[in-house]
Amino acid sequence: MLSEKAFQYKKDYKVLVSTWNVGGLQPSDGLDLEDLLQTKETCYDIYVLGFQEIVPLNAKNIIGPERRSISLRWNTVISEELNKNSGGKKKRSSCEEYECLISKQMVGIMVSVWVRRELQQHLHHLSVSCVACGFLGFLGNKGSVSVRFFLHGTSICFVCCHLASGGKEGDEIYRNSDAIDIISRTNFPQISSTNLPQKIFYHDRIILLGDLNYRISLPEAETRWLVERKEWNLLLEKDQLRYERAEGRVFADWEEGNISFQPTYKYYPNTDKYYCCVEGKKEKARAPAWCDRILWYGKGLKQREYNRCELKLSDHRPVRCIFNVEVVAPSQSPSSPAPSTANFSSLMRSFFLSDGFERLDGHFEA
């Protein structure tokens, strides 16, 4: 008898993952996301876009109802960039239409996942899990939004985080605590009669992204001096996240690509100037740091690119990572008909609606 593996093969998909703290600012009309999404250069199979502070983190937004109109506005801008055949713009050759698989918001944290339309028939068991670990330990100004789905027979989990802020010595302890809290408390709902992964580490492929808020462990004056001289390697030697990982306190077995880009925080919006490096400014000091990061865990993920983008809307620069993601796919038996796209869409709609998902202007919103 042939084993189950005899009817499987491995397949690579190209996935673009990004994280961007937008500082509570809404996207302006005509905001150009080409630099972030690389729409002039190539077509990716999946886009996983993480955002932090899509609304200002004030008491009204933290305690009150979510302002979903803001996430809808961001999704509209993303759709316009990915599907440039609308509005008279020329669409990228060989690129299919992209659809939003899911968009999920918790206060200011948002994840938006976009896939090639043809790929949707191979995606199943989509789920989300939110962890709030902000003020008082349970409010959503800090925390995570995680999205999980299966692509063919491989489970993939994306964790979008916004960890504790603060530039004082010892504040990294709170960031470590948030990260540990997110890993332990994230729990995807179990569907009856299935054996789906519920915890982050139970998935086959795991990518974590976000404003992790780790700073540079140097006196502010020395950090400013090194920034002005663009001594990035010397600054990286004092990067808190690298140190905490090396000491085994957090993300010990995770991987991160080589950082060859400038610190992503903190800028004057719409400029190339760091807060610390403009004479005559009296605002509260914020030393530059690599706050915005993308990590991964486990096998089957090959990083192709890790860099920052030059969108200047907020005080952070976005960070982008390109992965080749290996999945296990079933071989199609000649006697087995291909799945019907119409039937699949019907099943997906039924699944989402039964679990609290809403169909909203062409995309699923949780």
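**Figure 1. Val48 in strand 2 of the predicted model.** Val48 belongs to strand 2, which covers residues 46-52. The model is a predicted one. The relative accessibility of Val48 is 1%, so Val48 counts as buried, the cut-off for buried being under 20%. Leaving out residues up to four places away in sequence, Val48 touches Val15, Leu16, Val17 and Ser18. Val111, Ser112, Val113 and Phe158 are also among the residues that Val48 touches. Val48 and Val111 are 63 residues apart along the chain. Their C-alpha atoms are separated by 7.1 Å.

**Figure 2. Val113 and the largest nonpolar core.** The largest nonpolar core holds 54 residues. Val113 and Phe149 touch the most other members. Strand 11, residues 319-330, gives the most to this core: five residues. A second, separate core has 28 residues. Tyr44, Leu49, Met110 and Trp114 are included in that second core. Val113 is in contact with Ile46, Tyr47 and Val48, with neighbours within four places in sequence left aside. The contacts of Val113 also include Glu99, Cys100, Leu101 and Ile102. Val147 and Phe149 are on the list for Val113 too. In soluble globular proteins, nonpolar side chains tend to be buried together.

**Figure 3. Phe323 in strand 11.** Phe323 is found in strand 11. Its relative accessible area is 0%, so Phe323 is buried. Phe323 touches Tyr13, Lys14, Val15 and Val17, not counting residues up to four places away in sequence. Ile207, Ile294 and Trp296 are also touched by Phe323, as are Leu301, Lys302 and Gln303. Lys302 lies 21 residues from Phe323 in sequence. From C-alpha to C-alpha, Phe323 and Lys302 are 5.4 Å apart.

**Figure 4. Helix 5 and its buried face.** Helix 5 covers residues 220-228. Thr223, Leu226 and Val227 are buried in this helix. Seen down the helix axis, the buried residues of helix 5 fall within an arc of 100°, so they line one face. An α-helix has 3.6 residues a turn, so residues three or four places apart point the same way. The buried residues of helix 5 pack against helix 6, residues 232-236. Lys230 comes just after helix 5. Lys230 takes a positive phi of about 55°.

**Figure 5. The largest pocket and its lining.** The largest pocket holds about 600 Å³ of space. It is lined by 33 residues. Gly166, Gly167, Arg215, Tyr265 and Arg286 are the closest of these to the pocket centre. By class, the lining of the largest pocket has 13 charged, 12 polar and eight nonpolar residues.

**Figure 6. The largest cavity.** One cavity of 30 Å³ or more is counted. The largest cavity contains about 30 Å³ of space. Val55, Asn61, Pro65, Glu66, Arg67, Gln105 and Val107 line the largest cavity. Three of the lining residues are nonpolar, two are polar and two are charged. Rolling a probe the size of a water molecule over the atoms shows where empty space is left.

**Figure 7. Backbone geometry at Tyr265-Lys266, Asn213 and Asn270.** Most residues other than glycine have a negative phi, and most peptide bonds are trans. A cis peptide bond joins Tyr265 and Lys266, with omega about 0°. Lys266 sits in the loop between helix 7 (240-246) and strand 9 (292-297). Asn270 is also found in the loop between helix 7 and strand 9. Phi of Asn270 is positive, near 65°. Asn270 has a relative accessible area of 59%, so Asn270 is exposed, the cut-off for exposed being over 50%. Asn213 is not a glycine, yet its phi is positive at about 70°. Asn213 lies in the loop between strand 8 (205-211) and helix 5. The relative accessible area of Asn213 is 3%, so Asn213 is buried.

**Figure 8. The protein chain as a whole, for orientation.** The protein chain has eight helices and 13 strands. Of its 366 residues, 52% are buried. Among contacts between residues at least 6 apart in sequence, 71% join residues at least 24 apart.

How values were computed
Residues numbered from 1 in each chain as written. Predicted model: local features only at pLDDT ≥ 70, side-chain atom pairs only at ≥ 80, totals over all residues. Heavy atoms only, no water. Buried < 20%, exposed > 50% of the residue type's maximum accessible area, 1.4 Å probe, protein only. Helix = DSSP H or I, 4+ residues; strand = E, 2+ residues; numbered from the N terminus. Arc of directions from axis to C-beta. Contact = heavy atoms within 4.5 Å. Core = buried A, V, L, I, M, F, W, Y, C linked by side-chain atoms within 4.5 Å. 1 Å grid on protein atoms, 1.4 Å probe; cavity = no way out; pocket = protein on both sides within 12 Å on 5 of 7 lines; lining within 4 Å. Points joined across faces, edges and corners; volume = space filled by probe spheres on them. Nonpolar A, V, L, I, M, F, W, Y, C, P; charged D, E, K, R; others polar.
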